[in-house]
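Please read the following report with the sequence and the structure side by side, and look up each part as it is named.

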Amino acid sequence: MVINLIYDSTLKWDAVYDVIVVGFGGAGAGAARFAADQNAHVLLIDSAPEGHEGGNTRYAGGAFAWSDNYNDLRDYYKQTYYPFKYDPRDLDAFVNNVMKMKEYSQKYFGIEAQYTGRRPKGEYPEYKHAETMRSQSMTAGMYNGGFWKLLRKKVYERLDKIDIWFSSPAEHLIQDPVNKTILGVQIKHNDVIRNVAARNGVVLSCGGFENNQNMVQNFLGQGSLAPIGTLYNQGKGIDLAIEAGARLWHMSNYDSHGFSLNRGEPREKFAYMINWKSLFNGSIFIAGDDGTRYYREDEEDRHGYKYNHGNWIMLPNQNHPHIIMDQKQYDQLSSDESDKSDQIKQLISYAVKADSIKELAEKITAPKLAEAVADFNYLTENKKRDMFLNRHIDTMRAFGNGPYYAIAIRHNILHTHGGAKRNEKCEVLDMQNNVIPHLYEAGELGDIFATKYVGANSIADLLISGKIAGENAAWPKRKIEEVVVITGASQNPDLKSDAHATTTDYEAGENQGIGISENGINDVPIVVRVTTDDNRLINIETLQQKETPSLGGKAIPVLTKAMLDKQTTDVDAVSGASTTSAAFKEAVNKAIKNIQK
């Protein structure tokens with residue numbers, strides 16, 4: 001149940017900030033950074049524990065949209081909206097900012113972005129001017145966490161202005177009952193409810209609702225989707241927006257990458273299998289709940305949107321689809337030598353096996369599977385054309401002898417786009433399209449995309465909207481009634497920031513040095529303290545790390561012992577933990593350089 005927390009004279013504040021940013025993902029990182037640059041004192045909160053913040057940005061490729069032709073880009077976006085409406089002012093502001101993204105990269109990150117070369121003809125080359133949008137990247141490689149670390153680093157460079165609370169979900173917004181101004185946020189921090197005031201603004205940047213099954217069913221009309229990003233996007237921003245009286249928009253829009261494995265896990269494996277060209281090539285197809293075909297396997301992935309009679313739509317999901325193949329296909333995949341061979345061989349290890357199609361149909365509850373296989377063979381052998389789904393005939397081979405195999409898969413979800421309607425200033429609007437004072441929004445929560453999401457635009461949006469929301473939230477507003485803080489961070493250690501970033505946060509005595517590396521597998525820096533005596537390594541203490549417990553977490557003690565035994569940091573990396581090993585060595589070497597004599 002959504003409850004609006006109305007401010008009255010009996011409510012006591014536990015702390016006061018200029019700006020509160022709800023959600024430490026890409027947009028929230030930008031909002032906090034740019035608010036701090038306006039000399040605002042910022043509280044940045046996230047429901048995830050330290051090391052798991054980042055929202056969907058930590059899983060993103062990191063490429064952003066850019067163009068050098070305003071009119072062509074605007075026309076391309078308008079075509080992707082069809083048949084949905086769009087807000088001209090919001091779209092114009094977005095296009096204007098996309099045009100400046102290469103300058104943004106240089107000015108705010110000191111990086112000259114490079115063209116990725118992906119989809120040179122555009123995601124929808126059927127539309128005019130699709131080629132005008134060219135994705136750019138600030139990092140080498142994609143899907144390696146590099147982009148998220150760039151954003152996070154900018155926050156940690158400003159910890160004199162930004163406090164961070166992890167594992168601290170927002171419970172409610174606190175709103176003036178008369179003028180509807182947002183005065184603060186009620187936050188659950190260290191299992192205690194805290195009322196925190198915001199002098200100038202609150203930014204909602206807490207992502208979508210991919211992990212909220214009730215919202216997925218109610219707003220997307222789908223039964224079950226496998227999230228492929230963060231597990232902490234639970235739709236809380238929707239609740240907060242509703243309780244503040246906001247108008248919602250784009251609630252039915254989401255994107256995906258087709259399928260993931262179906263093992264009933266919170267985050268399933270093989271989320272990008274639809275792009276593995278050698279997988280769906282031969283006597284293999286995707287079967288729906290009843291066993292019949294419904295999905296063109298070789299069609300280029302457009303974030304889940306499939307061609308449908310002149311338009312592209314998100315297909316209604318099946319509840320228990322399967323990949324179906326014969327023995328020849330299974331053998332073919334077992335010996336696959338493509339760049340996805342390791343993943344393909346892992347995928348087929350989950351297959352259910354049966355001697356006949358009838359038996360397989362019974363095992364997976366697909367009563368029309370035999371009919372689907374017969375139709376597939378008929379198209380391949382007689383018609384030489386897939387007249388139903390238009391799959392290229394040269395990727396189809398008739399099913400032969402058994403045994404036969406089925407792999408359970410699930411439709412997946414990358415992120416949602418719905419949230420509070422916002423204007424070009426990232427101000428949240430109420431049901432009458434009036435601004436709700438002091439409430440802002442950024443990122444995938446309520447972004448401007450109504451349908452047919454085009455890749456690289458969410459990254460552009462989070463960079464753009466994070467900056468706009470943060471700067472506007474930080475701008476000093478009309479003077480409101482002075483809040484009285486009864487327990488502030490200076491009196492209560494429970495309200496201190498959870499973040500550490502510099503060597504000054506840790507003590508080092510004589511012959512000791514502190515070293516930090518931010519290049520580990522996780523976002524939390526590795527911090528060590530090294531003690532020496534006459535240039536001998538006496539002790540290496542790990543003061544902070546949140547590497548993967550089963551890999552990096554086990555590697556650090558091994559590396560520590562090796563360095564002390566051999567009296568050098570030039571030791572072998574631990575197998576399976578090369579990233580952690582390199583980062584740990586970096587931290588130790590920095591600590592040695594920082595030793596106080």
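## An enclosed strand and its partners

In this predicted model, strand β8 (residues 182-189) is largely enclosed by the rest of the structure, because seven of its eight residues are buried. Strands of a sheet can pair in a parallel or an antiparallel way, and the pairing is made through backbone hydrogen bonds. Strand β8 pairs with strand β7 (residues 170-175) in the antiparallel sense, and five bridges join the two; one place to find this pairing is Gln175, whose bridge partner in β8 is Ile182. Strand β8 also pairs in the antiparallel sense with β9, this time over six bridges, and here Ile187 stands opposite Arg194 in β9.

Both pairings form hairpins, and in each of them a residue with a positive phi can be pointed out, as the table shows for β7 and β8 and for β8 and β9.

| Hairpin | Residues between the strands | Residue with positive phi | Phi |
|---|---|---|---|
| β7 and β8 | six residues | Lys180 | near 70 degrees |
| β8 and β9 | two residues | Asn190 | near 55 degrees |

## A loop residue after β9

Following the chain onward, the reader comes to Asn212, which is placed in the loop between β9 (192-204) and α6 (213-220). Is Asn212 buried or exposed? Its relative accessibility is 18%, and since buried means under 20%, Asn212 counts as buried. Leaving aside residues up to four places away in sequence, Asn212 touches Asn233 and Gln234. With Gln234 there is also a polar detail to look for, in that a polar atom of the Asn212 side chain lies 3.0 Å from the backbone oxygen of Gln234.

## Two helices that cross

Helix α4 (residues 101-109) packs against helix α12 (residues 457-474) at an angle of about 60 degrees, and the axes of the two helices are 11 Å apart. With that angle, α4 is oblique to α12, and the crossing in which α4 passes α12 is left-handed. On the side of α4 the contact is made by Met101, Tyr104, Tyr108 and Phe109, while α12 contributes Leu463, Ile464 and Lys467.

In the loop between β23 (435-441) and α12 lies Ala456, which counts as buried because its relative accessibility is 12%. Which residues does Ala456 touch, if those up to four places away in sequence are not counted? They are Ala63, Phe64, Ala65, Met133 and Ser135. Pro177, by contrast, is 279 residues from Ala456 along the chain, and the C-alpha atoms of these two residues are separated by 40 Å.

## A sheet of three strands

Later in the sequence, an open sheet is built from three strands in the order β24-β25-β26, and their pairing is antiparallel. Strands β24 (512-517) and β26 (536-544) stand at the edges with a single partner strand each, so one side of each is left without a neighbour in the sheet. From one strand to the next, the twist averages 25 degrees.

Within this sheet, the pairing of strand β25 (residues 526-533) with β26 can be followed in detail, for the two run antiparallel and are joined by seven bridges. A useful residue at which to begin is Asp533, whose bridge partner in β26 is Arg536.

Technical notes:
Residues numbered from 1 in each chain as written. Predicted model: local features only at pLDDT ≥ 70, side-chain atom pairs only at ≥ 80, totals over all residues. Heavy atoms only, no water. Helix = DSSP H or I, 4+ residues; strand = E, 2+ residues; numbered from the N terminus. Buried < 20%, exposed > 50% of the residue type's maximum accessible area, 1.4 Å probe, protein only. Polar contact = N/O pair within 3.5 Å; in protein donor to acceptor, adjacent residues only side chain to side chain. Contact = heavy atoms within 4.5 Å. Pairing = 2+ DSSP bridges. Axes fitted to C-alpha atoms, helices over the stretch in contact; angles between N-to-C directions. Parallel < 35°, antiparallel > 145°, perpendicular 65-115°, else oblique. Left-handed = near helix turned anticlockwise from the far one by under 90°.
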